[in-house]
Amino acid sequence: MQKLNLDKDLNEVLEMFPKLKLFETDKQKSVCGEIDIFDAAGNYVDSFTIKVTVPRNYPHGFPLLFETANKFEHIPDRHINEGGSCCVCSLQESDLIRQKGIIIKDFFLRYVIPYLANQLYFDSEEEWANGDYEHGVEGILQFYQELFEMETIEEVINLLFFFNTQKMNRNDDCFCGKKEKLKRCHLQTYTIIKDLSKRRIEYDILALKWLFKKQLKLKNS
């Protein structure tokens, strides 16, 4: 059943983007070829040559996007990961998607097209359409600072440790310190954290502790 659904989903993508073709090996399926980018008015803007690999446990897992023609420089500042894949969202968002699953058409519409359009915007305006985000450990910190509305790395680490060891229910006092029930305060934020994998949170805690020590060392040097 899963294979039938995957074949159906892939055919839908190939119909939507006719310049793409399906490639298959014993281990993995991928969609490769040229994809056109249009503006909001439907006018053609430019094209990219790409490869999208399908996770083996589809629809779970997170597909990977690769820009294969070097149309832009493959460096972190252009949101390219160390392994060459495109950084289309935060590590935490991809962790949530891996668990919940995503059909391949939605991956193209939610991540591939916006990512490529944003690259064109950067070439034109020398800035990202929706602002930039940090890479590596700094990106991890930025994600949680914005999610928790906190400024210091110590606060973020302490709260992540709390979430990693404690569970909350809707009628508990909110973790933010206000005398409000969670259900009336930061329930949406807690839902995001609750759905992150334990492995993701533990890695992020270790990464942020390393960053905190690095910052202390620089401050005291």
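These legends describe close-up views of a predicted model.

**View 1. Four strands form an open sheet.** The order is β1-β2-β3-β4, and the pairing is antiparallel. β1 and β4 stand at the edges. Each edge strand has a single partner, so one side of each lacks a neighbour in the sheet. From one strand to the next, the twist averages 25°.

**View 2. A hairpin links β1 and β2.** Four residues make the connection. β1 covers residues 20-24 and pairs with β2 in the antiparallel sense over five bridges. Two bridge pairs can be picked out here. Leu 20 has Gly 33 of β2 as its partner. Phe 23 is matched with Ser 30, also in β2.

**View 3. β2 runs antiparallel to β3.** Nine bridges join the two strands. β3 spans residues 44-53, and β2 spans residues 29-38. Asp 36 has Ser 47 of β3 as its bridge partner. The hairpin has five residues between the strands. Gly 42 in this hairpin takes a positive phi near 85°. β2 is mostly covered, with eight of its ten residues buried.

**View 4. Pro 63 sits in the loop between β3 and β4.** β4 covers residues 64-67. Is Pro 63 buried or exposed? Its relative accessibility is 1%, so Pro 63 counts as buried, the cut-off being under 20%. Beyond its neighbours within four places in sequence, Pro 63 contacts Val 52, Thr 53, Pro 55, Ile 102, Ile 104 and Phe 107. Ile 104 and Phe 107 are among the buried residues of α3. Lys 21 lies 42 residues from Pro 63 along the chain, and their C-alpha atoms are separated by 16 Å.

**View 5. Helix α3 spans residues 104-125.** The helix has 22 residues. From first C-alpha to last, α3 reaches 30 Å, close to the expected 32 Å. Where does α3 bend? The bend is at Val 112 and amounts to about 30°. A proline, Pro 114, follows within four residues. Just after the helix, Glu 126 takes a positive phi of about 60°.

**View 6. Buried side of the story: residues of α3.** Buried aromatic positions include Phe 107, Phe 108, Tyr 111 and Tyr 115. Val 112, the site of the bend, is buried too. Leu 116 and Leu 120 are also on the buried list, as are Asn 118 and Gln 119.

**View 7. α3 packs on the sheet.** The helix touches β1, β2, β3 and β4. The direction of α3 makes about 130° with that of β3.

Key
Residues are numbered from 1 along each chain as its sequence is written. This is a predicted model: local features need pLDDT of at least 70, side-chain atom pairs count only at pLDDT 80 or more; totals for chains, interfaces and linings use all residues. Side-chain values use heavy atoms; hydrogens and water are left out. The expected span of a helix is 1.5 Å times one less than its number of residues. The bend at a residue is the angle between axes fitted to the seven residues ending there and the seven starting there. Buried means under 20% relative accessible area, exposed over 50%, partly exposed in between (1.4 Å probe, protein chains only). Two strands pair if DSSP finds at least two bridges between them. Contact means heavy atoms within 4.5 Å. Axes are lines fitted to C-alpha atoms, for helices over the stretch in contact, and angles run from 0 to 180 degrees between N-to-C directions.
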